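Me: I have a structure here that I would like to understand better. Please start with a close look at one small spot, and then work outwards from there until I can see how the surroundings fit together.

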Amino acid sequence: MSTLFHAGRQLVCAALGAEGTVLAAGLSDSTVRCWTFANTGTNSGGVLQEGVVLRGHGAAVYGAAFSRDAHWLATAGGDGAARVWAVDVARCVAQCGPPAAQHGRPLWAAACAPGNTRCFATGGGDRTARLWAPGCAPHAAARVFAGHH
């Protein structure tokens, strides 16, 4: 068992890759920190090694979800923006809904499509869920589901 600690930052959300080898944590300082699990072959199981730090949100990161192969990470931020990251190169490959647009309020959740694609969904403070797809215009959801109370 490992304890992850970063002084002055609150852990807001966490996501575990499907194989259990990568962990992402959304923090109150607007970053996402990733760790990889390395099996040491001993009875202790393994060790978490800190990896990349993803920067780009303008507020706390409230939601995170990995694609099935853990190559893509979708994040939902308090700044109202959603991002898709290529985790292996620590690069944002898509930003959807810039601050004050789309949801217009903080995003609370992110979920990835079952396949190894960049399709993902977000849930926001405006009581909508939005489906985002790689072919969409950067600031337009492919579908909006309203009426959540």
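Reply: Let's start at Thr122, whose bridge partner in β11 is Arg130. This is a predicted model, so please read everything below as a description of a prediction. The pair belongs to the contact between strand β10 (residues 120-124) and strand β11 (residues 129-132), which run antiparallel and are joined by four bridges.

Stepping back a little, β10 and β11 sit in an open sheet of four strands, in the order β9-β10-β11-β12, with antiparallel pairing. At the edges stand β9 (107-112) and β12, each with a single partner strand, so one side of each has no neighbour in the sheet. From one strand to the next, the twist of this sheet averages 20 degrees. A word on confidence fits here: β12 (residues 143-145) has the lowest mean pLDDT among the elements of the protein, at 86, while β5 has the highest, at 96.

That brings us to the sheet that holds β5. It is an open sheet of four strands too, ordered β5-β6-β7-β8 with antiparallel pairing. Its edge strands are β5 (61-66) and β8 (91-96), each of which pairs on one side only. The twist here averages 20 degrees from one strand to the next.

You can walk across this sheet strand by strand. Between β5 and β6 (residues 72-77), which run antiparallel, there are five bridges, and Val61 stands opposite Gly77 in β6. Next, β6 and β7 pair in the antiparallel sense over five bridges, with Trp72 opposite Ala86 in β7. These two strands form a hairpin with four residues between them, where Gly80 takes a positive phi near 85 degrees. The last step goes from β7 to β8, again antiparallel and again with five bridges; here Ala82 faces Cys96 in β8. β7 and β8 form a hairpin as well, with four residues between the strands, and Ala90 in its turn has a positive phi of about 55 degrees.

β7 (residues 82-86) deserves a pause. How many of its residues are buried? Five of its five are, and the strand is described as mostly covered. In a regular strand, side chains alternate between the two faces of the sheet. In β7, Ala82, Val84 and Ala86 lie on one side, and Arg83 and Trp85 on the other, and all of them are buried, so both faces of the strand are covered. Buried here means under 20% relative accessible area.

Now for the whole protein. It has zero helices and 12 strands, so from the N terminus on, each entry in the run of elements is a β. Of its 149 residues, 36% count as buried. The protein exposes about 7700 Å², and carbon and sulfur atoms supply 54% of that area. Among contacts with a separation of 6 or more, 34% come from residues 24 or more positions apart.

One last point to keep beside you as you look around: the protein averages a pLDDT of 83, and 80% of the residues score at least 70.

Definitions and conventions:
Residues are numbered from 1 along each chain as its sequence is written. Side-chain values use heavy atoms; hydrogens and water are left out. Two strands pair if DSSP finds at least two bridges between them. Axes are lines fitted to C-alpha atoms, for helices over the stretch in contact, and angles run from 0 to 180 degrees between N-to-C directions. Buried means under 20% relative accessible area, exposed over 50%, partly exposed in between (1.4 Å probe, protein chains only). Contact means heavy atoms within 4.5 Å. Accessible areas come from the Shrake-Rupley method with a 1.4 Å probe; for residues, only the protein chains shown count as cover. pLDDT is the predictor's confidence in each residue, from 0 to 100.
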